[in-house]
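User: Please take a close look at one charged part of the surface for me. I would also like to see how it fits in with the rest of the chain.

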Amino acid sequence: MEVWQAWEQVRANKGAPGVDKVSLEEFGEDLRGNLYKIWNRMSSGSYFPPPVAAVEIAKPDGGTRVLGVPTVGDRVAQTVVAKRLEAQVEPVFHPDSYGYRPGRSALDAVGTCRRRCWKYDWVVDLDVAKFFDSVRWDLVLKAVRAHTDQPWVVLYVQRWLQAPVQHADGTLEHRDRGTPQGSAVSPVLANLFLHYAFDAWMSREFPVVPFERYADDAVVHCVSERQAHYVRQAIEDRMIQVGLRLHPEKTRIVYCKDGNRRGGHEHTAFTFLGYTFRARGARDRHGNVFTAFLPAVSNDALKRMGKTVRRWRLHRRTDLTLAEIADWINPVVRGWMSYYGAFYPSALYQLLARINTYLMRWLRKKFKRYRAQRRARAAWERATRAYPRGFAHWAWVNYPMMTRKTRAV
C-alpha cells in the first residue's frame with residue numbers, strides 16, 4: 001500500500017526521467033511488476049539506488065544550480081521513506097519552519113515576515129552558502145536515528161546520500177557531503193537537519209528572537225541594530241559548527257525603515273521568497289497615504305516573468321485564436337497572480353499590461369480591419385467587456401501599455 005501511494009504521488013508530481021531514461025509512462029506500462037520489485041528489494045534490504053542525473057539550471061544571480069533527478073523507481077522508493085519520516089518529525093518541527101511542510105506555504109512565511117517587520121525595526125537576512133552541497137552526512141543520519149527505530153529507514157537514507165551524481169557526459173561524481181536538490185527525500189532531510197542546526201538552536205539560545213525559515217532561506221527579527229549584529233555573529237558561529245557557512249555578501253543586517261522610523265542604514269530592503277521588503281506607499285482605512293515597510297514582487301522575479309512573456313512572442317502567433325492563446329497562457333499568468341499578487345498586487349500591473357500590449361499587436365496583425373489603432377482600440381474594448389474573464393489577468397488589468405517603449409518590444 002505504501003509503495004502504491006508513493007507511486008500516485010510521484011505520478012502527480014510528474015518530472016523527467018533519470019539516468020535510465022525511463023519516463024513515467026514507460027514505468028507505468030509494467031506498473032505492478034515495477035512496484036513489486038521496489039517493495040521486495042526495500043523490504044529485504046537489497047535496494048541500492050542508481051546514480052542521480054545532474055541537471056544544471058540558471059540561478060537569478062547569474063550562476064547555476066545543479067538539480068539531481070532520480071529515476072522514477074527511485075523517486076517512488078524515496079517517497080516511501082520520506083512519508084515515513086515526515087510522520088515522525090512533523091510534530092516536532094518549529095512553528096516558524098515553512099518549507100516543504102503540509103499546510104504551510106511560502107506565502108505564509110511572507111505574511112508572517114510582513115507582520116513582524118512592522119513590530120521589529122531590524123532584520124538579519126540570512127543566506128546559507130551552498131547549503132544542499134554542504135550538509136554533513138553524519139549529522140543528517142544522527143538526526144534521522146533520533147526519530148526512527150526502523151533500521152531500514154536509516155540504511156536507505158545513507159545509501160541515497162552516498163549515491164553518485166551522473167553528469168551529461170556520463171561521468172560519475174562521488175560526494176562526501178550534501179544532498180542533491182530534486183530528490184523526493186531531500187526536503188525532509190534538509191528540514192530535519194536545519195531543525196537541529198538552526199530552529200531548535202535559536203529557540204534555545206534566543207527564545208525571544210522570532211524568525212521565519214523556508215528551507216535554507218531565513219529572516220531573523222531584532223529590536224535593535226546591536227542585537228542584530230550579536231545574533232548574526234552567533235548564527236555564523238553556529239553554522240560553522242555544523243559544517244555550513246553564511247554567504248558573506250548576501251547575509252545582511254537590514255533596517256526596516258518606514259514613515260515613522262527615523263535614521264538610516266546601509267541596507268533598508270531585503271528579498272525573501274521572491275518578495276522585496278522595503279518602504280512603500282500605502283493607504284489606511286480612511287484613505288490617507290502613509291509609508292509602510294511592505295513586501296512586493298522582486299525585480300528579479302519581474303525580470304524572469306518578463307523574459308517568459310517575451311519568449312511567448314504572442315504578437316506573432318496569428319495561427320492561434322484568442323481563446324487558444326488564453327488556454328495557453330492563463331495557467332501560467334494565474335500562477336503568477338496567485339503567488340506574486342498576494343501582497344501589494346499593483347507591483348504586477350505593468351507586467352500584466354505588457355501582456356495586453358502583445359495581445360493588441362496580435363489583434364492588429366491577425367485582422368487587417370483593425371490595423372488602424374482607433375479601430376483596434378474599439379475592438380479591444382468590446383472584447384474586454386464581452387469576456388471580462390477571457391484572460392486571467394483581465395480581472396486586474398484589462399488595458400494595454402501603448403507607450404513607445406512597449407510597442408518596440
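Analyst: Happy to help! Buried means under 20% relative accessible area, exposed over 50%, and partly exposed in between (1.4 Å probe, protein chains only). With a relative accessible area of 40%, Glu26 therefore counts as partly exposed, and that makes it a good place to begin. This is a predicted model, in which local features need pLDDT of at least 70 and side-chain atom pairs pLDDT 80 or more, while totals for chains, interfaces and linings use all residues. Residues are numbered from 1 along each chain as its sequence is written, and side-chain values use heavy atoms, without hydrogens or water.

Glu26 lies in helix 2, where helices are DSSP runs of H or I with at least four residues, strands are runs of E with at least two, and numbering starts at the N terminus. On the surface, Glu26 gathers with Asp20, Glu25, Glu29 and Asp30 in a patch of negative charge. Patch members have over 30% relative accessible area and no salt bridge (Lys or Arg side-chain nitrogen within 4 Å of an Asp or Glu carboxyl oxygen), and like charges are joined within 9 Å.

Now look at Lys21, which belongs to the loop between helix 1 (2-13) and helix 2 (24-29). Lys21 has a positive phi of about 65 degrees, although it is not a glycine. Most residues other than glycine have a negative phi. Because its relative accessibility is 65%, Lys21 counts as exposed.

Ala215 makes a nice comparison. Its phi is near 55 degrees, again a positive value in a residue other than glycine. You will find Ala215 in the loop between strand 6 (211-214) and strand 7 (217-222). Ala215 is buried, because its relative accessible area is 6%.

There is also a patch of positive charge on the surface, made up of Arg313, Arg316, Lys365, Lys368 and Arg371. Arg371 sits in the loop between helix 13 (349-366) and helix 14 (373-386). At 44% relative accessibility, Arg371 counts as partly exposed.

Turning to the wider setting, the protein chain has 15 helices and 11 strands. Of its 409 residues, 47% count as buried. Along the principal axes, the C-alpha atoms fill a box of roughly 75 × 60 × 35 Å.

Four of the strands form an open sheet with mixed pairing, in the order 2-1-4-5. Strand 2 (64-69) and strand 5 (172-173) are its edge strands, each pairing on one side only. Strands pair if DSSP finds at least two bridges between them; strand 1 (residues 52-58) and strand 2 run antiparallel and are joined by six. Val55, for example, has Leu67 in strand 2 as its bridge partner.

Further along, strand 9 (residues 270-272) pairs with strand 10 (residues 275-283) in the antiparallel sense over three bridges. These two strands form a hairpin with two residues between them, and Leu273 in the turn has a positive phi of about 55 degrees. Phe272 stands opposite Tyr275 in strand 10. Tyr275 also has a bridge partner in strand 11, namely Val297. Strand 10 and strand 11 (residues 289-297) pair in the antiparallel sense over nine bridges. They too form a hairpin, with five residues between them, and Gly287 in that turn has a positive phi of about 90 degrees.

Key. Patches are made of residues with over 30% relative accessible area and no salt bridge: like charges are joined within 9 Å, nonpolar side chains (Val, Leu, Ile, Met, Phe, Trp, Tyr) within 5 Å. Accessible areas come from the Shrake-Rupley method with a 1.4 Å probe; for residues, only the protein chains shown count as cover. Lys and Arg count as positive and Asp and Glu as negative; His and the chain ends are not counted. The place of a charge is taken as NZ of Lys, CZ of Arg, CG of Asp or CD of Glu.
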